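Here are some friendly notes to go with the structure you are about to look at. I have put them as numbered points, so you can follow along on screen.

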Amino acid sequence: MAYWLFKSEPNTWGWDDQLAKGEAGEEWDGVRNYQARNFMREMKIGDLGFFYHSMKEKSVVGIVKVIAEAHPDSTTDDPRWECVDIQAVRPFVKPVTLDQIKAEERLADMVLVRNSRLSVQPVTDAEWQLVCTMGQTKP
DNA sequence: GCCAACGTTGGC
DNA sequence: GCCAACGTTGGC
C-alpha cells in the first residue's frame, strides 16, 4: 500500500469539510497540475494519505483514505484532468506543523519540504510512520 | 501583503 | 520546439 499527502487551503476545502462528508467522501477535484494528476492515477483504493492545511496553518491535520481510483474531474469538461475520491479516517491528535517537519532531519527529503507547491505528493513508509508518531496518531 | 518559485501558455 | 511572459501558489 502506498502513502500520499493531499494539500488544501482550509478556507477553500478544509479538514472539517472533509469530515462532514463522512463515509461518502468527496472528490479531490480542481487539480490542474500534471504531476499531481499522475500521482492520483497511481493511487489504489485503500491507500492512505495525510490531509495538509496550507497557508496560515501549515500543518498535517488528519488521515484520509482513497475510496475511488482516478476518474474524470467533474468540475471540468477538459478530459486531461482526473481525480480520486477520499474519505476522512481520523484527525491527528496533535497536528504536525511544517516547522516541526522542517526541524526533523529525517524528513528533510519529504516532497513537502522539497517542492512545497505540489498539491498531491507521495509519502514514503518511513515518513508516514514518523509523522504519525509526531502527531501522536495511529498510522 | 509581498515576493520567489514554479508550471503553463502562447508567440515565434 | 524553444523560451519569454504570465498567473498562481504558498511560505515568509
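The points below cover confidence, the sheet, one residue in an edge strand, and the surroundings of a DNA strand.

1. **Confidence.** Please keep in mind that this is a predicted model. Chain A has an average pLDDT of 94, and 100% of its residues score at least 70. Within chain A, helix H4 (residues 111–114) has the lowest confidence, with a mean of 93, while helix H5 (residues 125–134) has the highest, at 97.

2. **The sheet as a whole.** You will find an open sheet of 6 strands, in the order S2-S5-S4-S3-S1-S6. The pairing is mixed. Its edges are formed by strand S2 (26–27) and strand S6 (120–123), each of which pairs on one side only.

3. **The S6 edge.** Strand S6 has an antiparallel partner in strand S1 (residues 3–8), and 4 bridges link the two. A handy place to look is Phe6, which stands opposite Val120 in S6.

4. **The S4 and S5 pair.** Strand S4 (residues 59–72) runs antiparallel to S5, joined to it by 10 bridges. To check the register, you could start from Gly62, whose bridge partner in S5 is Pro91.

5. **The S2 edge.** Strand S5 (residues 82–97) also pairs with S2: the two run antiparallel and are joined by 2 bridges. Here Glu26 has Ile86 of S5 as its bridge partner. As general background, side chains in a regular strand alternate between the two faces of the sheet.

6. **Glu27.** This residue belongs to strand S2. Is Glu27 buried or partly exposed? Glu27 is partly exposed, because 18 other C-beta atoms lie within 10 Å, and a residue counts as buried only if there are 20 or more. Leaving aside residues up to four places away in sequence, Glu27 touches Ser74, Cys83 and Asp85. Asp85 is 58 residues from Glu27 along the chain, yet their C-alpha atoms are separated by 4.2 Å.

7. **Around DNA strand C.** Which residues are around DNA strand C? They are Lys7, Glu9, Ser54, Met55, Lys58, Leu98, Ser116, Arg117 and Ser119. Sorted by class, the surface near this DNA strand has 4 charged, 3 polar and 2 nonpolar residues. Lys7, one of the residues listed, falls within strand S1 (residues 3–8), so you may like to view this point together with the S6 edge above.

Notes
Residues numbered from 1 in each chain as written. Chains lettered and ligands numbered in written order. Predicted model: local features only at pLDDT ≥ 70, side-chain atom pairs only at ≥ 80, totals over all residues. Near = placed C-beta within 6 Å. Nonpolar A, V, L, I, M, F, W, Y, C, P; charged D, E, K, R; others polar. Pairing = 2+ DSSP bridges. pLDDT = per-residue confidence, 0-100. Buried ≥ 20, exposed ≤ 12 C-beta atoms within 10 Å, placed from the backbone. Contact = placed C-beta atoms within 7 Å.
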